[in-house]
Amino acid sequence: MHRLGFKDFELDQLSETLSEKNLKVQSMFSHLSSSDMPEERAFTLKQFEVFEKNSSYLIEKLGYTPIRHILNSSGITSYSEHQYDMVRIGIGMLGNLLTMKFRSNYSLW
């Protein structure tokens with residue numbers, strides 16, 4: 001396990017343990033650490049790639065599809081094409097969605 005989750009090489013063991021203990025996964029998620037930093041776009045895109053690969057693999061192993069979510073507030077405005085089943089608005093509830101892409105798409109200012 002890594003921080004709050006699992007590495008790709010741990011997914012087989014995870015699916016076996018879940019099956020043995022008769023546990024059902026309700027959701028899978030990841031945290032975008034740098035989605036609010038344009039200079040870290042390549043890193044954020046890699047996070048999407050890893051999440052898609054690992055969550056799809058685990059879904060195949062589980063035989064059912066839990067809810068998946070990865071977008072945080074800045075992810076919602078900067079990477080909306082990567083939305084899964086839901087989003088986590090977090091700091092966006094405080095009106096802190098000030099990315100240039102968001103400002104250019106909506107006339108709030």
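Me: Before we get into the fold, what counts as a helix or a strand here?
Reply: Helices are DSSP runs of H or I with at least four residues, strands are runs of E with at least two, and both are numbered from the N terminus. With that settled, and bearing in mind that this is a predicted model, the chain reads α-β-α-β-α-α along the sequence.

Me: How many helices and strands is that?
Reply: The chain has four helices and two strands.

Me: What share of the chain is buried, and what does the surface look like?
Reply: Of the 109 residues in the chain, 33% are buried. The accessible surface comes to about 7,600 Å², and carbon and sulfur atoms contribute 55% of that area.

Me: And the contacts, what share of them link residues 24 or more positions apart?
Reply: Among contacts in the chain with a separation of 6 or more, 47% are between residues 24 or more positions apart.

Me: OK, helix packing. How do H1 and H2 sit against each other?
Reply: Two packed helices are described by the angle between their axes and the distance between those axes. For helix H1, residues 11–20, and helix H2, residues 41–62, the axes come within 10 Å and cross at roughly 35°.

Me: Left-handed or right-handed?
Reply: The crossing of H1 with H2 is right-handed.

Me: Which side chains are we talking about, or at least which residues?
Reply: From H1, the residues involved are Leu 11, Asp 12, Leu 14, Ser 15 and Leu 18, and they meet Asn 54, Tyr 57, Leu 58, Lys 61 and Leu 62 in H2. By character, the residues of this contact between H1 and H2 divide into six nonpolar, two polar and two charged.

Me: Switching to rings, how many aromatic pairs are there?
Reply: The count comes to two aromatic pairs. One of them joins Phe 48 and Tyr 79, whose rings are tilted, with 5.3 Å from centre to centre and 55° between the planes.

Me: Why does that one tie separate parts together?
Reply: Phe 48 belongs to helix H2, whereas Tyr 79 sits in the loop between helix H3 (73–78) and helix H4 (100–105), so the pair ties together parts that are 31 residues apart in sequence.

Me: Are those two buried or exposed?
Reply: Phe 48 is buried, because its relative accessible area of 3% falls under the 20% limit. Tyr 79 also counts as buried, at 3% relative accessibility.

Me: What about the pair of Phe 51 and Tyr 84?
Reply: Phe 51 and Tyr 84 form an edge-to-face pair, 5.2 Å centre to centre with 85° between the planes. Phe 51 is in helix H2 and Tyr 84 is in the loop between H3 and H4, so this pair ties together parts 33 residues apart in sequence. Phe 51 is buried, with a relative accessible area of 8%, while Tyr 84 is partly exposed at 22%.

Me: Different topic: what's the backbone doing at Asn 22?
Reply: Asn 22 has a positive phi of about 55°, although it is not a glycine. Asn 22 lies in the loop between H1 and strand E1 (27–29), and at 70% relative accessibility it counts as exposed.

Me: Last one, Ser 27. Where is it, and what does it touch?
Reply: Ser 27 is placed in strand E1 and is partly exposed, with a relative accessible area of 33%. Leaving aside neighbours within four places in sequence, Ser 27 is in contact with Pro 66, Ile 67 and His 69. Ser 27 and Pro 66 are 39 residues apart in sequence, yet their C-alpha atoms are 4.9 Å apart in space.

How values were computed:
Residues are numbered from 1 along each chain as its sequence is written. This is a predicted model: local features need pLDDT of at least 70, side-chain atom pairs count only at pLDDT 80 or more; totals for chains, interfaces and linings use all residues. Side-chain values use heavy atoms; hydrogens and water are left out. Buried means under 20% relative accessible area, exposed over 50%, partly exposed in between (1.4 Å probe, protein chains only). Contact means heavy atoms within 4.5 Å. Accessible areas come from the Shrake-Rupley method with a 1.4 Å probe; for residues, only the protein chains shown count as cover. Axes are lines fitted to C-alpha atoms, for helices over the stretch in contact, and angles run from 0 to 180 degrees between N-to-C directions. A crossing is left-handed if the near helix is turned anticlockwise from the far one by less than a right angle, and right-handed if clockwise. Ala, Val, Leu, Ile, Met, Phe, Trp, Tyr, Cys and Pro count as nonpolar, Asp, Glu, Lys and Arg as charged, and the others, Gly among them, as polar. Rings of Phe, Tyr and Trp (its six-membered ring) pair if their centres lie within 6.5 Å; planes under 30 degrees apart count as stacked, over 60 as edge-to-face and the rest as tilted.
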